[in-house]
Amino acid sequence: MKVFKFGGASVKDAAGVRNLAEIVRSQGQNTIVVVSAMGKTTNALESIVRAYVDQHNDSIKSQINSLKAYHYAIMSDLTGDFALVDQTFAYLDSYVSQPVSGFYDEVYDQLVSLGELLSTQIIAAYLIQANLPAQWLDARQLIRTDTTFREGRVNWEVTNRLIKETVAKNKIYVTQGFVGKTDDNRATTLGREGSDYTAAIFAYCLNAESVTIWKDVPGVLNADPKWFDETVLLEKLTYQDAIELAYYGATVIHPKTIKPLQNKGIPLYVKSFLKPGAPGTVIGNYERHLTIPSFIFKVNQVLISLHPNDFSFIAEDNLSRIFGRFAQAGVKINLMQNTAISFSVVVDNNPDRVPALLDLLKQDFRVSYNDGLELITIRYYDQGTIERVLPNKKLLLEQKSRYTVQLVVKDLG
């Protein structure tokens, strides 16, 4: 069994769907095909969620009509029985016609998860019409999570049993990335960009031969081409290096993806859907680490600094309260540093969560912050690589370990 994962960019139009079919046809017919929502559908559904929660009814109708037009335009250029797509849109229409029930993150998961349903229903129908032994599979019925909406934690024991009971050999299963379900049948999502993680879950449970993530880049590069003109393809990566790069924010792989594969020794390939015959990158159980620096840039960052209101130090009791506040607000820390009387963190500037976090922190601490920052991480750095990224930047914070340096900078314009 092989597991393929296709992102939204690879299936943004009918030509992308046809390209996926050719890749699947040429690569074998004992495959799980995990697919993200098409194009910018997730962003569109997030906007619909906000309009629904805020009760902007005219905006909801307009946005849903745009979403329908986008998907039906793709279907009009393909052949297949797309009845399931009609059912999914009917569910969306019905859901938003009801009063808001549940808190924001729960509503988010019920609606945003529909993007993956739509893409896979279209793709499965097309593959069947193209005479491939394809079957649509509802990942929500197989991947069981807790009720941590928007960041569902997988119940591995139940999920493992359900997947093994359902998946047979010599078929092509088309299923959704990013989604799961609670024990009481409510949809959950596994975290933004979590379709890679879904592929790893299926691979782990099925002892797959390999996982391949199909991207619009030739493999894992040592820097994002948006930031660097001269990038280098990393032909091989150890699991450890891949975990580190993903943890620090390399967008080519979701951070949770690697560990399930490492535990079973399953190789992960990152290849181009534009050039499927090219070798790409393979991540596996290698001993040799990277020999060239890798650069990771995270923009729109906030540096938050905390100081005790009383005469206490930043000791274990204060740290416990701080981390509790971050967990309560659902905000992840990208970097942290403390002294005796201050604690500084860098986080993504998420407008849905950071303001609430600041309010929580102000209950116990004096809070200051800087926004509009960049977090630059260099893996396997030297002084030359640090100097390479600092022109026209003001350095606010630097943190070094043996292999990694992180720089919080302000663009001087």
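**Note on the predicted structure: sheets, aromatic pairs and cores**

1. Phe 4, Phe 6 and Trp 214 are linked into a cluster by ring pairs. The model is a predicted one. In total, the structure contains 14 aromatic pairs. For Phe 6 and Trp 214, the ring centres are 6.0 Å apart and the planes meet at 10 degrees, so this pair is stacked. Phe 6 belongs to strand β1 and Trp 214 to strand β7; with their positions 208 residues apart, the pair links distant parts of the chain. Phe 6 is buried, at a relative accessible area of 1%, and Trp 214 is buried with a relative accessible area of 1%.

2. A second aromatic pair has another geometry. Tyr 247 and Tyr 248 are arranged edge-to-face, at 5.3 Å centre to centre and with 75 degrees between the planes. Tyr 247 has 57% relative accessibility; because the cut-off for exposed is over 50%, Tyr 247 counts as exposed. Tyr 248 has a relative accessible area of 15% and is buried, since buried means under 20%.

3. Charged groups also sit over rings. Arg 150 lies over the face of Tyr 108, 3.8 Å from the ring centre. The charged end of Arg 379 is placed over the ring of Tyr 380, at 4.9 Å from its centre.

4. The strands β1 and β7 that carry the stacked pair belong to an open sheet of eight strands, ordered β3-β4-β2-β1-β7-β9-β10-β8, with mixed pairing. The edges are taken by β3 (134-136) and β8 (236-238); each has a single partner strand, so one side of each is left without a neighbour in the sheet. From one strand to the next, the twist averages 20 degrees.

5. Within this sheet, β1 and β2 pair in the parallel sense over five bridges, and Phe 6 stands opposite Val 35 in β2. Strand β3 pairs with β4 (residues 172-176), also in the parallel sense, over three bridges. Gln 135 has Tyr 173 in β4 as its bridge partner.

6. Is strand β2 enclosed or open to the outside? Five of its five residues are buried, so β2 is largely enclosed by the rest of the structure. Thr 31, Val 33 and Val 35 point one way from the strand, while Ile 32 and Val 34 point the other way, and all are buried.

7. Helices lie across this sheet. Helix α1 (residues 14-27) lies across β1 (2-6), β2 (31-35), β4 and β7 (210-215), and runs at about 165 degrees to β1. Helix α6 (residues 114-129) lies across β2, β3 and β4, at about 160 degrees to β4.

8. Helix α5 (residues 104-112) is mostly covered, with eight of its nine residues buried. Among the buried residues are Asp 105, Glu 106 and Asp 109, as well as Tyr 108 and Leu 111. The buried residues of α5 pack against α2 (41-53), α4 (83-97), α6 and β6 (187-189).

9. In soluble globular proteins, nonpolar side chains tend to be buried together. The largest nonpolar core here has 51 residues, and those with the most contacts inside it are Leu 20, Leu 111, Ile 123 and Leu 127. Helix α6 gives the largest share of this core, nine residues. Leaving aside residues up to four places away in sequence, Leu 111 touches Leu 45, Val 49, Tyr 52, Leu 92, Tyr 95 and Val 96. Another core, of 46 residues, lies apart from the largest one; its members include Met 1, Leu 137, Tyr 173 and Leu 190.

10. A further open sheet is formed by six strands in the order β12-β13-β11-β14-β16-β15, with antiparallel pairing. Its edge strands are β12 (335-338) and β15 (393-400), each pairing on one side only. The twist averages 30 degrees from one strand to the next. Helix α11 (residues 316-329) packs on this sheet, touching β11 (294-308), β12, β13 (343-348) and β14, and its direction makes about 15 degrees with that of β13.

11. In the six-strand sheet, strands β14 (residues 365-379) and β16 (residues 404-411) run antiparallel and are joined by six bridges. Glu 374 stands opposite Val 409 in β16.

Terms used:
Residues numbered from 1 in each chain as written. Predicted model: local features only at pLDDT ≥ 70, side-chain atom pairs only at ≥ 80, totals over all residues. Heavy atoms only, no water. Pairing = 2+ DSSP bridges. Helix = DSSP H or I, 4+ residues; strand = E, 2+ residues; numbered from the N terminus. Axes fitted to C-alpha atoms, helices over the stretch in contact; angles between N-to-C directions. Contact = heavy atoms within 4.5 Å. Phe/Tyr/Trp six-rings, centres within 6.5 Å; stacked < 30°, edge-to-face > 60°. Buried < 20%, exposed > 50% of the residue type's maximum accessible area, 1.4 Å probe, protein only. Lys NZ or Arg CZ within 6 Å of the ring centre and 35° of its normal. Core = buried A, V, L, I, M, F, W, Y, C linked by side-chain atoms within 4.5 Å.
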